[in-house]
Amino acid sequence: MYRIVKSYCTFGLLLFITMICSRCGSKVEEKQPNILFCIADDVSFIHTSIQGTAEISTPNFDRVASQGVLFNNAYCNASSCAPSRASILTGRNIWELEEGGLLFGGLPKKFPTFPSLLRQHGYITGYSGKGYMPANRKEPYQEQPLAPEYNKLKNKVPQFMSNKDYSGNFEEFLSEKDHDKPFFFWYGSHEAHRKYKSGIGVESGKDISKIKVPGFLPDNDLVRSDIADYYYEIEWFDDHLGRMIKSLEAVGELENTIIIVTADNGMPFPRAKSTCYDYGTHMPLAICWGKKIKGGAKVDDFISFTDFSPTLLEALGLEAPEGTTGNSFLDVLLSGKSGQVDANRDKVFTALERHTYCRPDGMPYPIRTIRKGDWLYIENFEPDRWPAGDADFKSPHQGIYGDIDASPTRTYLIENKEDDSIKYYSNLSISKHPKVELYNVKEDPYNLYNLALEEKYIERCKALKSELFNYLKETNDPRMDGKSPWDNYPYFFNGFEEKHLKAIGQRDNN
């Protein structure tokens with residue numbers, strides 16, 4: 001008996017020594033970080049409480065910004081949801097993505113997305129709410145450019161809001177996944193996309209007298225109330241964000257999770273969403289990553305949505321796919337510095353092709369811009385077309401002036417467009433634009449005063465155009481060769497692609 005016990009003791013001691021030696025002889029592998037990517041629908045950069053906007057409360061966005069980095073100059077690649085999301089997923093500009101650069105288009109399989117690469121490297125992935133859409137996801141397009149769906153759990157919600165329990169679905173995802181593997185989760189709120197329950201902002205206690213109306217909209221109670229409803233939906237998004245952060249804390253994963261909070265494009269109001277003005281493309285962005293990031297930094301570097309993919313892949317030690325044109329800003333994120341961190345990050349490029357089908361034959365309204373320093377330079381390639389859609393052409397998605405979301409504000413501008421006190425604001429949104437526009441965004445944040453025709457700005461326009469066009473040529477924009485493949489791409493909306501193809505055939509025959 002003594003010999004048996006002694007043998008067991010000797011074996012145990014040898015095993016313990018072997019384990020210690022093994023640990024001493026090799027470095028313990030660092031755990032890969034999780035990623036929680038939170039993206040609201042239709043929110044402009046200024047509309048968070050940390051930015052000082054009155055009558056809005058976003059404590060959870062503010063928490064991420066305070067514990068991590070607040071980016072003052074983040075820009076979506078296109079002010080339209082599906083192409084904006086496609087640029088995030090692929091790290092490419094919309095003119096590089098064929099049909100993927102359009103609303104109600106489709107992302108071809110040849111363009112790899114970073115969530116698919118994460119799955120290949122052992123990440124568990126999922127999403128709740130709005131993923132990559134609206135777009136066709138049948139052959140020859142990507143069926144799952146994002147992640148498996150988690151939308152089973154529902155909530156009782158106010159009228160017109162999504163009943164998807166985003167935070168509940170995230171909690172279910174966490175409980176189901178393999179706890180030893182890292183995860184990527186996309187929280188895509190349907191808010192603050194329209195429709196809104198009219199007056200819900202006021203009902204929730206918002207004082208519309210304190211709401212600041214952007215200078216491109218008339219300042220009256222109707223518009224203020226519409227903005228209050230929009231603020232209410234932003235707060236809905238933020239509330240679910242807070243619950244998700246608590247879920248991460250509960251399972252001990254908060255410190256090891258990169259949390260990104262942003263939006264896909266600007267506020268759903270005239271002269272914002274589906275334009276390349278600053279209220280259409282300038283996005284809120286806050287990122288935290290436990291103790292990896294020194295909290296409280298406010299960065300002025302220009303960040304493009306094409307930069308998300310290479311940044312996250314670099315953070316995980318992975319190579320960006322060939323053809324990625326975005327640039328990692330991981331060094332800026334981890335620097336702990338405020339202000340301008342990387343002097344080379346002084347510009348971004350934005351674009352638009354077709355948003356809704358709101359012109360004859362579904363013609364796009366092509367725009368390219370460079371946003372550099374204090375300046376916004378815009379090139380409108382087809383200035384003879386109506387930028388918001390034709391007044392006598394009914395879009396199958398949004399009605400007349402279809403590139404402006406249907407809303408009380410839009411209705412007011414259209415119904416009063418001949419009124420002397422409103423005509424100015426209506427013209428800003430629905431009238432034709434000149435071929436070239438130039439704005440000093442610092443002095444003119446609402447982009448109201450086009451400086452392009454002033455003699456003292458001619459050389460600045462030339463320099464910005466040259467820099468813009470050089471980049472477009474480097475990234476193979478078909479517009480630089482006088483081509484417009486977007487004219488013929490299908491519009492996948494309730495069978496409308498057949499009507500579009502028929503219209504294309506008639507146009508070509510004529």
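This report walks through two pockets and one buried helix in a predicted model.

## The largest pocket

Start with the largest pocket, which holds about 310 Å³ of space. It's lined by 22 residues, and D41, K130, H190, H193 and R194 are the ones closest to its centre. Sorted by class, the lining comes out at 8 charged, 7 polar and 7 nonpolar residues.

Both domains chip in here: domain 1 (34-340) and domain 2 (351-504) each supply at least three residues of the lining of the largest pocket.

## The second largest pocket

Next comes the second largest pocket, with a volume of about 270 Å³. Of its 17 lining residues, D307, N327, R345, K347 and F349 sit closest to the centre. Three elements, β8 (297-304), β9 (347-352) and α13 (458-474), give two or more residues each to this lining. The top contributor is β9, with 3 residues.

As for chemistry, the lining of the second largest pocket splits into 8 polar, 5 charged and 4 nonpolar residues.

## Helix α3, tucked away

Now for helix α3, which covers residues 81-90. Because 10 of its 10 residues are buried, α3 is largely enclosed by the rest of the structure. The buried set takes in charged R85 as well as S84, S87 and T90, alongside residues such as I88 and L89.

What do the buried residues of α3 pack against? Their partners are two strands, β1 (34-40) and β4 (183-188), plus two helices, α4 (114-120) and α9 (308-315). Right after α3 comes G91, which has a positive phi, near 75 degrees.

Methods:
Residues are numbered from 1 along each chain as its sequence is written. This is a predicted model: local features need pLDDT of at least 70, side-chain atom pairs count only at pLDDT 80 or more; totals for chains, interfaces and linings use all residues. Side-chain values use heavy atoms; hydrogens and water are left out. On a 1 Å grid over the protein atoms alone, a cavity is a set of points where a 1.4 Å probe fits but cannot get out, and a pocket is an open set with protein on both sides within 12 Å along at least five of seven lines; lining residues have an atom within 4 Å of a point. Grid points are joined across faces, edges and corners, and a volume is the space filled by probe spheres set on the points. Domain bounds come from an automatic or database domain assignment. Helices (H or I, at least four residues) and strands (E, at least two) are DSSP runs, numbered from the N terminus. Buried means under 20% relative accessible area, exposed over 50%, partly exposed in between (1.4 Å probe, protein chains only). Contact means heavy atoms within 4.5 Å.
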